[in-house]
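Subject: Structure for you to look at

Dear colleague,

I am passing on the structure below, together with some notes on what was found in it. Please read them with the structure open beside you.

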Amino acid sequence: MGLEVAMLKRPRTDEKETDMEAIGPGKLAVITGGADGIGLAAAQRLAAAGMRVCLLDWSDGVTEAAATLGGEARGYRIDMADPAGVMALATHIILPELGV
C-alpha cells in the first residue's frame, strides 16, 4: 500500500474551484499547531468534511482540542523541533493510522 500525500493549493483568481480532491471522508489530516487558532479552525473544517484528524502541538491542551472535534480526532503533544520525537510520532502513530 502506497503513502498518498496531497497538497491543497490556493486558487488563482481566474480559477473557480480549489483542489479539494484531497479532502474527503475517511482520509487522514495531520495538522501541526492544531491546539488553537488557525490550526484548530482548519481541523474543525476538515473534521466536518468527515476526515480523520490528528492534531499535533507542543501545548498541553492539544488532547482537549481534539476531543472538541469528536469522531476519530486525536491530539498528540509533540515538539516538532525534536527529530526523535517526530520520527517516533511518524513510526508509531501516523503510519499505523494510514495502514502502512
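Helices and strands here are DSSP runs, with at least four residues for a helix and at least two for a strand, and they are numbered from the N terminus. Please keep in mind throughout that this is a predicted model.

On that basis, the protein chain holds three helices and three strands, and from the N terminus on they follow one another in the order β-α-β-α-β-α. Of the 100 residues in the protein chain, 29% are buried, while the chain exposes about 6,800 Å², 57% of which is supplied by carbon and sulfur atoms. If one takes the contacts between residues at least 6 apart in sequence, 38% of them join residues at least 24 apart.

Turning to the strands, β2 and β3 pair in the parallel sense over four bridges. Between them the chain passes through helix α2, residues 62–69, and this β-α-β crossover from β2 to β3 is right-handed. Leu56 is found opposite Tyr76, a residue of β3.

The interior comes next. The largest nonpolar core has 15 residues, and those touching the most other members are Ile31, Ala43, Leu46, Val53, Leu55 and Leu69. At least two residues of this core come from each of β1, α1 (37–48), β2 and α2, with α2 giving the largest share, four residues. There is also a second, separate core of six residues, among them Leu28, Leu56, Ile78 and Leu89.

Leu55 may be a useful residue from which to look around: when its neighbours within four places in sequence are left aside, its contacts include Ile31, Leu40 and Ala43, then Val62, Ala65, Ala66 and Leu69, and also Arg74, Gly75 and Tyr76.

The last helix to describe is α3, which spans residues 83–98 and bends by about 40° at Ala90. Which residues of α3 are buried? They are Gly85, Leu89 and Ile94, and these buried residues pack against β1 (28–32), β2 (52–57) and β3 (74–77). Leu89 is also a member of the second core mentioned above. After α3 comes Gly99, which has a positive phi, near 80°.

With best wishes

Conventions
Residues numbered from 1 in each chain as written. Predicted model: local features only at pLDDT ≥ 70, side-chain atom pairs only at ≥ 80, totals over all residues. Heavy atoms only, no water. Buried < 20%, exposed > 50% of the residue type's maximum accessible area, 1.4 Å probe, protein only. Contact = heavy atoms within 4.5 Å. Areas by Shrake-Rupley, 256 points an atom, 1.4 Å probe, with all protein chains shown as cover. Bend = angle between axes of the 7 residues up to and from the residue. Pairing = 2+ DSSP bridges. Right-handed = clockwise from strand over helix to strand, strands pointing away. Core = buried A, V, L, I, M, F, W, Y, C linked by side-chain atoms within 4.5 Å.
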